[in-house]
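Here's a quick walk through a few spots in this protein that are worth a look in your viewer. Keep the structure open and follow along.

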Amino acid sequence: MARSSSQAWIVAGLLTSAVAGPAIARQEVSPDALAATDVVWASPSRDEHGSMPIGNGDLAANVWWNERGELWMYLSKSDAWDDNGRLLKLGRIAIALEPAMTPESFRQRLDLSEGEIECSIGPEGRAVEFHVRADAHRPVIVIEIETPEPATARVSLEHWRNAARDVKELSWSDVYCSDHNAPGVQPTITGADIVPPIEAGPLGAELLWYHFNDRTPIPATFALQGLGSLLPGYRDPILHRAFGCLVTGPTLEARGERALGSAQPSRRHRIEVWAATQQATDAESFTTTLRSLARSAAADSPERCAEAHRRWWDAFWGRSWIRVSESCLARTFRLPDNRHPVRIGLDSQGGNRFRGRIDNVLVYSRPLGAEEIAAMTNGRAPADAVLAWATGGPEEVPDSVTLDGSTGVSVAAWITPETQDAGGGRIVDKATVGSADGWLLDTYPGNSLRFSAGSVAATLDAHLTPGKRVFVVGTYDARDGRRRIYIDGERVAESAAEPPASETVNRAYALQRYITACAGRGGSPIKFNGSLFTVPRNGHDEGDPDYRKWGPGYWFQNTRLAYWPLLASGDVDLTDAFFAMYRDALPLAIARSRTVEGDRVAPGGAAFHETIAFWGLPDNSTFGWKRDGATAGEVLNPYIRHYRSGSIELLGMAIERYEYRPDEEFAHSTILPLADAFLTFYASFYPRNPDGTIRFEPAASLETWHDATDPLPEIAGLRWVIPKLLALGPTLVDDGRRSVWTALLRALPPIPRGGDPAGPVLRPAARYGSLANIENPELYAIFPYRLFGVGKPELDMARRTYDLRANRTNVGWCQDSIQAAHLGLAEEAASLVTRRAAQKDAKSRFPAFWGPNFDWVPDQDHGSNILTTMQSMLMQCDGKRILLLPAWPRGWDCEFRLHAPGNTVLTGSVRDGHVAALRVSPPERLEDVTILRAD
């Protein structure tokens with residue numbers, strides 16, 4: 001569907017009505033609006049795929065009640081790294097009551113405002129009540145149970161790491177994963193956990209278990225990567241690391257070796273699950289630490305602890321919000337865009353050919369009504385078709401600018417099918433194979449019918465008779481999102497209406513923010529491939545709960561997406577672990593660079609490869625086990641070999657954190673060391689052209705173009721970051737640094753550009769080859785490196801580049817929706833983010849467990865992109881300037897509270913495309929705000 005990129009902008013300024021509206025107090029918009037996004041279930045779950053998440057930023061759990069009324073939990077911790085460098089689960093427990101519950105009446109609710117799960121089982125007035133929370137200030141999960149009659153509670157360790165196990169399915173970044181079919185150096189064995197005898201404690205009996213690392217892959221990793229000389233001065237982060245849990249509670253006593261039970265029936269039960277990680281000298285010292293931790297809490301007031309927990313969540317939700325409602329101007333469920341021609345009888349790759357005869361095809365840029373379709377059976381077709389095709393016409397028909405999907409689409413065809421393959425045959429197609437970026441009408445499966453528009457399809461087991469002519473129509477109504485199929489004028493299939501966009505995006509925004517908070521305050525950064533909420537999945541490593549696709553490594557391009565939205569939401573504290581991992585790994589990176597590169601890199605220079613283990617080195621599979629003929633230190637994985645540009649973005653993110661929340665200590669401890677290392681690397685590693693400019697070669701443009709010269713992400717990134725550094729001021733940047741960085745800025749080549757029949761565009765690199773992935777590197781000059789966009793020069797050129805992008809995907813780490821927002825494409829950004837928010841893992845019950853997409857479940861890239869897109873639609877910041885409504889659709893009303901650089905907070909509301917009320921703190925920042933209105 002072609003879409004016009006023209007859009008007029010009116011600089012509305014700060015009109016009196018926009019500033020003088022009523023002040024927006026938190027209580028006016030918070031409780032009811034947030035409660036509307038709570039997750040409520042009226043039935044128990046069959047298994048862990050029906051779990052809800054809780055967490056305190058470090059300790060987390062997947063929580064569910066089964067059909068017998070038992071409470072089950074998978075427990076996780078952010079820094080539970082085992083002796084293979086894998087992030088393991090802590091364990092699994094089950095809680096049951098006697099007499100047993102029968103969940104004939106059931107209500108389970110995730111209460112977002114209090115960071116707690118509550119569950120009621122049984123008839124009103126006679127129900128058993130559960131409350132489960134991960135204490136916001138202490139490493140403990142608290143389960144409180146109240147029963148109508150005295151009952152006994154039993155908590156048991158339902159463990160799987162009872163003996164050493166040979167891991168059957170390794171993932172890419174596991175330290176001993178094979179590479180290019182070459183065997184790893186040894187098998188990966190997950191050791192058994194240790195369960196000491198139950199002891200008595202001040203609260204009750206204590207059931208404890210732990211994992212202790214008595215071996216480490218660090219020496220083998222250093223040896224493989226030619227860094228053995230660095231090992232003696234390196235503190236191994238794996239060896240003797242211990243992690244585990246202790247379960248206790250008032251009046252609990254031992255029930256065998258792995259369970260606790262109530263000493264006597266009671267109407268109230270409290271069970272606590274404490275957790276810890278420690279690099280201990282021996283296992284005994286860890287158990288002492290864990291028992292001391294739990295026992296020291298015996299003097300705590302449960303009521304005061306619960307109140308402090310709830311205050312933390314109250315403050316968290318009070319920091320920021322975006323809550324959308326739809327006005328009478330609301331636009332529709334616009335179809336996603338693509339540049340494919342309309343194809344007759346085949347798909348966009350020339351496959352899935354229709355067997356039989358197609359006589360005529362008519363396509364309309366609106367949903368046809370039932371009476372119109374009935375009239376078409378008698379030859380009376382509406383005259384406003386945007387495409388008319390007859391037998392003998394071309395297989396491909398050029399796109400029509402009027403076919404924009406804003407109101408819908410209808411596809412009518414007269415066909416005489418033969419027997420189709422099981423995969424069906426395309427009748428009319430305008431979608432990328434395997435994607436959901438357009439629409440198609442086909443006979444999938446076999447001789448059935450399917451009309452797919454976007455990510456949803458209407459289907460019918462039509463049993464189309466071979467040799468019989470039939471009139472088929474598929475319609476999509478963008479007003480309610482319904483897809484319909486007609487045969488010979490009769491409606492035979494219809495999809496359900498889509499929920500309002502406001503409901504979809506509000507829930508997605510709130511739940512993803514919650515999931516980030518549940519895992520963002522621990523000892524390690526958030527894992528993009530599942531965070532702390534992975535569960536076993538059939539078909540992967542025999543259902544082992546510790547498996548996660550892509551393994552324990554950190555891909556920067558994936559990891560950073562969880563952290564971009566945390567500045568505008570005011571959640572700067574949740575970025576600490578992210579920056580700490582790279583800051584702490586920097587000395588090793590510098591030493592590695594000196595050892596591997598020698599004089600090619602000036603002293604102190606280094607840049608991280610795209611994929612690293614949490615201690616900072618490239619993962620061994622990426623580095624390559626089979627080294628025959630390889631240069632010492634060379635990374636063999638072609639996707640990563642020349643890919644270091646994430647270091648530039650990391651530095652830019654650190655600077656932006658400082659811009660939002662000025663902190664001299666952070667600047668000295670993080671920004672300046674990263675800047676010194678990275679910019680020294682880029683100034684010295686690459687050769688120079690005769691005119692003194694840098695020639696970035698050998699290089700790659702992200703993972704998409706493995707062989708490139710002067711890739712755009714490096715050039716745009718440095719052109720974005722260096723001016724930010726120079727703007728930090730003389731108290732941070734001395735004259736020596738300023739001179740070196742200014743010289744580097746001057747030595748950069750121009751941003752790659754090229755020509756297209758439509759006009760000039762950005763290019764992935766000055767020269768590029770070896771296409772291998774589906775990223776759009778040329779769009780990195782729009783986001784994350786915001787050199788082009790709303791309010792900046794050459795907006796038309798940037799939009800043209802976006803329109804011509806080769807890869808159009810709206811799941812996982814793909815950033816189309818964010819880049820559309822930065823280009824001011826309000827309707828497109830709204831459509832993309834709404835459809836993204838509507839997608840979740842089909843196996844998972846929780847509505848914000850996204851994926852698997854490219855990575856795993858729950859996919860943190862997918863959800864975090866929703867946050868960044870919505871924030872960028874509503875507000876964009878450039879230096880001191882704050883733009884409001886740069887890409888906000890006129891039909892979306894909202895209330896918002898967002899953070900901007902300089903400790904600035906904006907609280908306001910939008911009505912019918914205008915800012916209806918606005919409060920800026922501090923007030924002097926009001927003069928830096930410009931309100932834009934899409935016309």
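Leaving aside residues up to four places away in sequence, Thr 504 touches Pro 499, Thr 834, Ala 837 and Ala 838. Thr 504 sits in helix α8, and at 13% relative accessibility Thr 504 counts as buried. Bear in mind that this is a predicted model.

Just past α8, go to the loop between α8 (501-519) and β32 (554-555), where you'll find Asp 546. Is Asp 546 buried or exposed? Asp 546 counts as buried because its relative accessibility is 5%, and the cut-off for buried is under 20%. The contacts of Asp 546, not counting residues up to four places away in sequence, are Arg 86, Leu 87, Leu 88, Lys 89, Trp 160 and Arg 161. With Arg 161 there's also a side-chain polar contact of 3.0 Å. For a sense of scale, the C-alpha atoms of Asp 546 and Gly 345 are separated by 46 Å, with the two positions 201 residues apart along the chain.

Arg 86, one of those contacts of Asp 546, also takes part in a salt bridge with Asp 174. That pair links distant parts of the chain, 88 residues apart: Asp 174 is in the loop between β11 (165-166) and β12 (189-190), and Arg 86 is in the loop between β5 (71-81) and β6 (87-98). Asp 174 is buried, with a relative accessible area of 3%, and Arg 86 is buried as well at 4%.

How many salt bridges are there? The count comes to 70. Side chains of opposite charge can pair when their charged atoms come close. Here are some of the pairs, with the N to O distance for each:

| Pair | Distance |
|---|---|
| Asp 174 and Arg 86 | 3.2 Å |
| Glu 118 and Arg 107 | 3.8 Å |
| Lys 724 and Glu 659 | 3.0 Å |

Glu 118 in strand β8 (residues 116-121) and Arg 107 in strand β7 (residues 106-111) are 11 residues apart. Arg 107 is partly exposed, with a relative accessible area of 42%. The Lys 724 and Glu 659 pair joins helix α14 (residues 712-726) to helix α12 (residues 646-660), 65 residues apart. Lys 724 counts as buried at 14% relative accessibility, while Glu 659, at 25%, counts as partly exposed. Salt bridges that share partners also tie Glu 114, Glu 116, Arg 133, Glu 144, Arg 270, Glu 272 and Arg 310 into one network.

Now for another buried threonine. Thr 611 belongs to strand β33 (residues 611-612) and has a relative accessible area of 0%. Its side chain makes a polar contact of 3.2 Å with that of Trp 555. Among the other residues that Thr 611 touches are Tyr 554, Leu 617, Pro 618 and Ile 640.

Next, a sheet. Six strands form an open sheet in the order β23-β20-β25-β26-β27-β28, paired antiparallel. β23 (396-397) and β28 (456-460) stand at the edges with a single partner strand each, so one side of each has no neighbour in the sheet. Five bridges join β27 (residues 449-453) to β28, and one partnership across to β28 is Leu 449 with Leu 460.

Finally, helix α6 (residues 302-319) has 18 residues and reaches 26 Å from its first C-alpha to its last, close to the 26 Å expected. Its buried residues include Cys 305, His 309, Trp 312, Trp 313, Phe 316 and Trp 317.

Conventions:
Residues are numbered from 1 along each chain as its sequence is written. This is a predicted model: local features need pLDDT of at least 70, side-chain atom pairs count only at pLDDT 80 or more; totals for chains, interfaces and linings use all residues. Side-chain values use heavy atoms; hydrogens and water are left out. Two strands pair if DSSP finds at least two bridges between them. Helices (H or I, at least four residues) and strands (E, at least two) are DSSP runs, numbered from the N terminus. Buried means under 20% relative accessible area, exposed over 50%, partly exposed in between (1.4 Å probe, protein chains only). A polar contact is a pair of N or O atoms within 3.5 Å; within protein, one must be able to donate a hydrogen and the other to accept it, and residues adjacent in sequence count only if both atoms are side-chain atoms. Contact means heavy atoms within 4.5 Å. The expected span of a helix is 1.5 Å times one less than its number of residues. A salt bridge is a side-chain nitrogen of Lys or Arg within 4 Å of a carboxyl oxygen of Asp or Glu.
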